[in-house]
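Dear colleague,

I am passing a structure on to you, and below it you will find some notes that I hope will help you as you look through it. Please keep it open while you read.

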Amino acid sequence: SQSQSQSQPQSQHSSSENKKSERKSEEKQCEREGARRPVVPVKGVKSVFFWINTHGGHHAVSVGTRLNDEKEIRPKPVEPGDLKCDVCMKPHLKKEMSHGHSSLKTREWFLMLPYRTPNLSLYSHISTAGHMMDFDSDGHIPSPLARFYWQHIFKSIHTMQSSDKGRVVVCLYQFCTAGGHLKWMENDSIRAFHKTHHWPVFMMATAREQQYSLGFSFTEIWLRNLEKGLGIDSEIGSKTMSMQSLFDESLEWYWATHGVESSHNARAPSPSYKYGEIQVVAGEKSGITDLDVRQVFSNTSKFTSNICSATNSMIEKKEKKQQQKQQQ
């Protein structure tokens, strides 16, 4: 019995070592596959279009762990105190609210991926306390390792704008609560420090930060209008279409096809009860809203002018107009 009791810890230890070895080999495999797969070059890229259809969600920023009534370990959410919620524009002093407190200080937004990543270092800047962060755990258990957070996208775009200034980035998010991924573009602290209002970034979301999205409809409409702007539809032919007018035309068509939801939203008591409100944010000082879609999405020689030069010229024109108005 003594030899059996001694052999059990050894077998458990060897099992743990095997898992670590397997994880390391999986990480190396991911690195090798990543090196072989196409990646966005560090420099010399005119524009990037990041379009994704998936499921989205959010959870409270966690500051530790706590036990629930069933004595299970759960995340301990940060207390918002008297901080105003970005949905209802009121502090959540009462617990009985129709929605969780919404702000970059109190909530994390993510989009879902079909697999987990073994690279835990990607989550060093995400609040994951109390969440399942064991890569070897049951795959049916929800885990941040299968989620792509707004911080990941911000870091990627920041890297692009730092290494290849003037690169246009267009994002189209077709998933629930997608609006949470746009909040950093409007955050005063981020704008002041990183000058994001000068970045040529155009981001669209098919639902506000705590709303359900209405399926694929906006994406389909937007892509059809993009075809017109690029001249792909030979029957209609190409026409001058700015990024902003592309969005505006698509939004009008979108609500024309969602009359029932539009009527519901008009009667809803608060934004958290509404559905599929489309959002757009852009670096307003970059001039991206006025760029012709062919300058962004086409590689033909007629429209391969440097985007940075195009946006700078637009900014100069606007500044001259402002100066002329001030002189008058």
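What percentage of the 328 residues in the protein is buried? Buried residues make up 39% of them, and please bear in mind that this is a predicted model. The protein has nine helices and nine strands, and, among its contacts with a separation of 6 or more, 70% are between residues 24 or more positions apart.

In soluble globular proteins, nonpolar side chains tend to be buried together. Here, the largest nonpolar core has 24 residues, and those with the most contacts inside it are I157, Y173, W184, V201 and M203. At least two residues of this core come from each of β1, β5, α2, β7, α3 and β8, with α2 supplying the largest share, five residues. If you select M203, you will find that, leaving aside residues up to four places away in sequence, M203 touches C171, Y173, H181, L182, W184, M185, Q279, V280 and V281. Another core, of 21 residues, lies apart from the largest one, and V170, F202, I288 and L291 are among its members.

You may then want to turn to an open sheet of three strands, which has the order β2-β5-β6 with antiparallel pairing. Its edge strands are β2 (56–60) and β6 (147–149), each of which pairs on one side only, and the twist from one strand to the next averages 40°. Five bridges join β2 to β5, and G57 has F110 in β5 as its bridge partner. The helix α2 packs on this sheet, where α2 touches β5 and β6, and its direction makes about 55° with that of β6.

With best wishes

Methods
Residues are numbered from 1 along each chain as its sequence is written. This is a predicted model: local features need pLDDT of at least 70, side-chain atom pairs count only at pLDDT 80 or more; totals for chains, interfaces and linings use all residues. Side-chain values use heavy atoms; hydrogens and water are left out. Helices (H or I, at least four residues) and strands (E, at least two) are DSSP runs, numbered from the N terminus. Buried means under 20% relative accessible area, exposed over 50%, partly exposed in between (1.4 Å probe, protein chains only). Contact means heavy atoms within 4.5 Å. A nonpolar core is a set of buried Ala, Val, Leu, Ile, Met, Phe, Trp, Tyr and Cys residues joined through side-chain atoms within 4.5 Å. Two strands pair if DSSP finds at least two bridges between them. Axes are lines fitted to C-alpha atoms, for helices over the stretch in contact, and angles run from 0 to 180 degrees between N-to-C directions.
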